[in-house]
Amino acid sequence: MKTFDIKTKINFGESALDRLETLESNKILVVADPFVIKSGLIDHVTSRLERAEKKYDIFSDVVPDPPITKISVGVKALVESGADTIVTIGGGSAIDSAKAMREVVAKMPGHEAHIRLIAIPTTSGTGSEVTAFSVVSDPEHGTKIPLVDDSILPDEAILDVDLVKTVPPGITADTGMDVLTHAIEAYVSTENDEFSAALAEKAVEIVGSFLLRSYLDNNDTHARRKMMNASCLAGIAFNHASLGLNHGMAHQLGAKFHIPHGRANAMLLPLVIQFNSDINKHSKSKAEYPNQVRKYATLARLLGLQNFNTITTVRALVNWVEFMMKEMDMPLCVSTMNVCSREEYFAAIPEMAEAAMEDSCTATNPRTPTKEDIMKIYIDLW
Ligand SMILES: NC(=O)c1ccc[n+]([C@@H]2O[C@H](COP(=O)([O-])OP(=O)(O)OC[C@H]3O[C@@H](n4cnc5c(N)ncnc54)[C@H](O)[C@@H]3O)[C@@H](O)[C@H]2O)c1
Ligand SMILES: [Fe+2]
């Protein structure tokens with residue numbers, strides 16, 4: 001038996017942030033991205049808490065790709081605050097930090113009482129506001145650990161487009177391609193079904209129409225709102241169907257070389273689609289292709305890409321992903337990024353491939369990769 005539910009209540013549209021004024025809470029810990037504090041975006045939260053005379057502390061020791069050490073600092077802050085509610089505002093890193101902090105505290109003796117978690121995204125990318133995932137980095141071993149448990153799900157999410165207007169073009173590109181990767185991976189996942197498929201299809205359609213518009217104009221409120229919704233829809237899709245090899249491999253690039261999560265996903269996406277479809281530059285037409293080929297072709301058609309047969313339609317999807325990356329000035333391979341030397345990168349490949357095999361996202365990839373397959377993709381990515 002399978003079930004589908006959305007535990008997280010989603011507040012969106014006009015005045016969604018006013019929900020903060022009606023929280024039933026004696027003490028709140030606001031877990032905020034440092035940018036949110038510096039830019040004054042935090043006022044959207046604190047002004048409402050103050051209007052409702054809520055007591056709160058702020059914790060903002062959050063960094064991209066949150067490492068275990070920062071989570072333990074946050075755990076201490078959460079315990080000391082005595083908060084019964086966490087309001088987290090920021091990108092995926094801030095939301096994931098808050099989720100991991102709550103998860104650890106809930107397992108500490110004497111702290112069993114449920115702490116409510118309200119997640120407010122300021123990037124349109126991870127969908128973390130509606131997922132049971134929290135991705136924590138382990139710098140010592142150069143890897144990322146996706147924690148996955150229903151207890152990690154936020155109780156509520158608040159979507160407000162004013163919070164994503166400050167996202168600069170580079171981060172709009174990275175996070176937007178993360179949305180696309182979530183939707184595509186959920187769609188071809190071995191756990192996909194019609195419920196997650198419907199959400200993933202809508203997310204892909206929105207990305208096709210609105211990501212470039214968002215990238216080109218911060219003040220295109222309509223496009224930014226659409227991308228915010230796409231991020232959330234793709235989040236619900238992959239929360240149900242999980243992800244695949246793309247994320248399994250991207251996590252290692254983030255952990256080892258600090259390549260931003262969405263950018264790592266985007267760079268891998270053309271290679272992983274080709275691997276999963278079992279097509280490469282020299283493949284001849286085959287009589288039969290794996291099921292995911294048909295699924296990729298369906299998504300391609302939603303993007304308005306249609307070619308004379310299924311396989312060339314999948315090729316059109318691969319070309320479209322690369323086109324989007326070029327339009328948004330994204331790097332297509334690691335060698336152009338100056339994050340490491342060729343020697344460092346190639347030396348890390350066997351270990352990254354091993355970790356990608358072990359990554360929980362890889363388990364639902366539609367084609368089971370060998371370590372050699374993964375190493376080849378990393379090599380092609382250089
Ligand atoms: N939990 C999940 O389901 C899930 C899914 C995918 C990725 N992740 C994780 O999420 C993290 C990535 O999250 P992300 O892509 O949102 O990036 P992020 O949270 O790391 O933020 C990237 C940068 O954008 C800045 N920023 C955030 N909001 C901004 C705004 N409104 N204006 C200007 N700058 C802003 C941040 O300060 C930071 O410097 C990674 O650790 C990744 O592994 C989690
Ligand atoms: Fe992601």
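Helices and strands here are DSSP runs, numbered from the N terminus. With that convention in place, I shall present a predicted model, beginning with its ligand.

Four elements each supply at least two residues of the shell around ligand 1: α4 (92–106), β6 (133–138), α5 (169–188) and α9 (261–277). Of these, α4 provides the largest share, four residues. In total, 30 residues surround the ligand, and the closest are F35, P64, G91, G92 and S93. As to their character, 17 residues of the shell are polar, nine are nonpolar and four are charged.

Where does ligand 1 lie with respect to the two domains? It lies between them, because domain 1 (9–164) and domain 2 (169–381) both give residues to its shell.

That leads to the domains themselves. The chain is divided into domain 1, residues 9–164, and domain 2, residues 169–381. Their C-alpha centres lie 27 Å apart. Across the boundary, 24 residues of domain 1 are in contact with 29 residues of domain 2. On the domain 1 side, β6 and β7 (143–148) are the elements that give two or more residues to this contact. The greatest contribution there is that of β7, with four residues. The domain 1 side that touches domain 2 comprises ten nonpolar, eleven polar and three charged residues. I would point out that β6 thus appears twice in this account: in the shell around the ligand and on the side of domain 1 that touches domain 2.

I turn next to the nonpolar interior. The largest nonpolar core has 104 residues, and those that touch the most other members are A183, A200, A203, A234 and A237. Helix α7 (residues 221–241) gives the most to this core, with eleven residues. Both domains give residues to the core, so it too lies between them. For one example of its packing, consider A200. Apart from neighbours within four places in sequence, A200 is in contact with A183, A186, Y187, A234 and A237.

Helix α10 offers a second view of packing. The helix covers residues 291–302, twelve in number, and reaches 17 Å from its first C-alpha to its last, close to the 16 Å expected at 1.5 Å a residue. Which of its residues are buried? They are Q292, V293, K295, Y296, A297, L299 and A300. An α-helix has 3.6 residues a turn, so residues three or four places apart point the same way. The buried residues of α10 pack against α5, α6 (194–216), α9 and α11 (310–327). Just after the helix, G304 takes a positive phi of about 85°.

Finally, three individual positions. G254 belongs to helix α8 (residues 245–257). Is G254 buried or exposed? It is buried, because 22 other C-beta atoms lie within 10 Å, and 20 or more suffice for that class. Beyond its neighbours within four places in sequence, G254 is in contact with D65, K144, I259, H261 and A264.

H258 is found in the loop between α8 and α9. Its phi is positive, about 55°, although H258 is not a glycine. With 14 other C-beta atoms within 10 Å, H258 is partly exposed.

S15 likewise has a positive phi, near 60°, in a residue other than glycine. S15 lies in the loop between β1 (9–11) and β2 (28–32). This residue counts as exposed, because it has 9 C-beta neighbours inside 10 Å.

To close, I return to the ligand: its shell draws on both domains, so ligand 1 lies between them.

Technical notes. Residues numbered from 1 in each chain as written. Chains lettered and ligands numbered in written order. Predicted model: local features only at pLDDT ≥ 70, side-chain atom pairs only at ≥ 80, totals over all residues. Near = placed C-beta within 6 Å. Nonpolar A, V, L, I, M, F, W, Y, C, P; charged D, E, K, R; others polar. Domains from an automatic or database assignment. Contact = placed C-beta atoms within 7 Å. Expected span 1.5 Å × (residues − 1). Buried ≥ 20, exposed ≤ 12 C-beta atoms within 10 Å, placed from the backbone. Core = buried A, V, L, I, M, F, W, Y, C linked by C-beta atoms within 7 Å.
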